[in-house]
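Colleague: I should be grateful for a close look at a single part of this model. Please treat it in one connected account.

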Amino acid sequence: MSLLAKQTEKVRNYINGVWVASSSGREEEVFNPATGEVIAYVPISSREELDAAVQAAAEAFHSWKRVAVPRRARYFFQYQQLLVQHWNELAELITLENGKSLEEALGEVQRGIECVEFASGIPTLMMGSQLPDIATGIESGMYRYPLGVIGGIAPFNFPMMVPCWMFPLAVACGNTFVLKPSERTPLLMNRLAELFAEAGFPPGVLNVVHGAHDVVGGLLEHDEVKAISFVGSQPVAEYVYKQGTAHGKRVQALAGAKNHSIVLQDADLGNAVKNIIAAAFGSAGERCMACSVVVVQETIADELVRRLLEAADGLKIGDGREAGVFLGPVIRQSNKDRTLAYIEAGVQEKAELVRDGRKDAAAGGKGYFLGPTIFDRVEPGMTIWRDEIFAPLLSVVRVKDLAEAINVTNQSPFANGACIYTDSAKAVREFREEIDAGMLGVNLGVPAPMAFFPFSGYKKSFYGDLHANGRDGVEFYTRKKMITARY
Ligand code: NAD
């Protein structure tokens with residue numbers, strides 16, 4: 001049976017180690033964004049179904065937390081091997097439901113596997129600390145413990161990597177997990193759960209409940225859920241943070257972005273263009289680390305724009321499963337329509353539309369395609385400069401010098417990433433010290449940190465204090481107990 005035929009079955013929930021059909025009576029179509037075909041039906045599960053999953057996770061927690069930490073790590077060694085064995089299949093599934101090119105999808109699988117590898121180091125990561133003599137004959141020690149049931153809520157743009165930021169580390173720490181994938185990309189997470197079961201993890205340790213607002217509300221309000229990891233758009237992140245903390249939970253909510261790349265006149269322009277094009281138009285611009293705004297020193301602006309246009313014209317647009325395709329579709333027709341409205345807004349606000357991706361839209365037939373779109377002479381304050389568009393649309397802002405470039409970048413309400421292209425160490429230092437964003441890149445386009453470092457944003461790009469991944473992730477998924485003893 002082909003992958004597609006298999007997946008047109010109704011998507012099931014995974015609760016307590018059993019694949020169960022939803023009884024909510026509500027479902028949505030899942031589309032292949034490259035063709036517009038329906039590839040599956042995802043249930044919009046009810047609050048009761050979510051409650052059953054939380055209950056299963058709460059029961060599994062009693063025994064899972066007592067599994068010795070090195071043994072928990074060994075489950076993850078097994079899981080890592082299975083993910084590596086299924087690398088191509090997982091990537092094909094990502095391309096099918098998300099639309100990104102197969103090459104990008106293969107890279108995403110790698111990023112997910114790296115999270116599992118990081119989680120396998122849990123014996124070292126979980127260690128506490130001691131001081132044998134805090135006073136004569138008295139010692140003190142800190143021990144780390146899991147929290148209980150953790151809820152995860154994921155976006156559509158990284159169906160594998162983002163869930164892998166969440167459940168592997170949380171489960172390795174001794175917690176149990178209930179994950180709600182995006183209803184637009186529900187298939188990959190089910191495959192991850194199947195392989196998780198194959199790796200031998202006990203039932204109830206990881207549960208998957210598909211749905212939308214009701215499932216999210218249930219996770220935010222349920223007493224048994226101790227912490228929430230959310231990744232998605234800014235308004236929903238803010239809502240999840242406020243609701244979750246109001247219900248006494250720890251919340252880390254990673255939100256939207258509008259990443260600026262500064263290009264100074266001493267930059268290697270060939271390298272800058274290659275990296276900006278990949279960062280702006282790779283994954284159809286649907287990356288929280290995408291480059292959305294280029295802030296270029298005016299002395300080289302004409303030359304940079306000329307080269308960006310030339311490179312953008314050379315990108316192959318089409319179904320991500322075809323060889324050589326760089327730019328796939330956006331996720332849904334509604335996302336395409338929203339982007340078309342932003343192009344209109346840019347024109348209305350008198351930015352200069354130097355490349356109109358609408359002309360390439362027909363290239364992909366019934367899919368939700370849009371070619372690379374570039375606006376020059378964009379001013380801070382314009383709608384296309386301010387809002388996260390999440391599509392292959394790049395704005396160019398011209399500035400006098402580095403100080404003005406930093407000022408423009410720091411005016412953004414978002415603060416996920418920022419990059420600089422320059423040959424000057426002094427400029428890099430000033431950029432590093434002055435930029436108000438969490439993830440910085442120097443002469444490269446997508447400075448996404450690896451799993452052993454935190455994934456940090458500020459301002460409207462992040463709600464919470466401990467970030468995803470790295471030691472922050474371990475801190476987030478554990479609580480500490482102090483013991484002070486005299487013998
Ligand atoms: P989204 O906010 O629409 O959805 C994210 C999740 O929230 C989904 O599971 C969805 O079902 C749920 N959701 C949506 N609306 C809801 C509502 N009203 N009430 C309760 N739950 C709701 O985001 P998306 O479009 O799937 O993903 C793209 C967004 O994610 C972009 O803004 C992107 O920048 C962001 N993102 C951020 C990071 C980061 O690290 N900061 C990483 C990846 C994606």
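Leaving aside its neighbours within four places in sequence, which residues is Cys288 in contact with?

Modeller: The model is a predicted one, and the description that follows should be read accordingly. Once neighbours within four places in sequence are set aside, Cys288 is in contact with Ala257 and Asn416. The residue itself belongs to the loop between α11 (269–281) and β13. Cys288 has 27 C-beta neighbours inside 10 Å and therefore counts as buried, the threshold being 20 or more. In the UniProt record, an unreviewed entry, the feature "active site" is placed at Cys288; such an annotation may be inferred rather than shown by experiment.

The ligand gives a further view of this position. Cys288 is among the residues that come nearest to the ligand, together with Pro155, Gly232, Ser233 and Gly256, out of 28 residues around it. By character, the shell around the ligand comprises 16 nonpolar, nine polar and three charged residues.

The strand that follows the loop of Cys288, β13, leads to the wider setting. Strand β13 is part of an open sheet of seven strands, whose order is β14-β15-β16-β13-β12-β18-β19 and whose pairing is mixed. At the edges of this sheet stand β14 (352–355) and β19 (439–442); each has a single partner strand, so one side of each is left without a neighbour in the sheet. On average, and with direction ignored, neighbouring strands of this sheet are turned by 20 degrees against each other.

Within the sheet, β13 has β16 on one side and β12 on the other in the strand order. Strand β16 (residues 393–399) also pairs with β15 (residues 373–376), in the parallel sense and over three bridges. In that pairing, Phe375 stands opposite Ser395 of β16. In general, strands of a sheet pair through backbone hydrogen bonds, either parallel or antiparallel.

A helix completes this part of the picture. Helix α15 (residues 402–411) lies across four strands, namely β12 (259–263), β13 (291–297), β16 and β18 (417–421). With respect to β16, helix α15 runs at about 140 degrees. The strand β13 that follows the loop holding Cys288 is thus found both in the sheet of seven strands and among the strands that α15 lies across.

Terms used:
Residues numbered from 1 in each chain as written. Predicted model: local features only at pLDDT ≥ 70, side-chain atom pairs only at ≥ 80, totals over all residues. Pairing = 2+ DSSP bridges. Helix = DSSP H or I, 4+ residues; strand = E, 2+ residues; numbered from the N terminus. Axes fitted to C-alpha atoms, helices over the stretch in contact; angles between N-to-C directions. Contact = placed C-beta atoms within 7 Å. Buried ≥ 20, exposed ≤ 12 C-beta atoms within 10 Å, placed from the backbone. Near = placed C-beta within 6 Å. Nonpolar A, V, L, I, M, F, W, Y, C, P; charged D, E, K, R; others polar.
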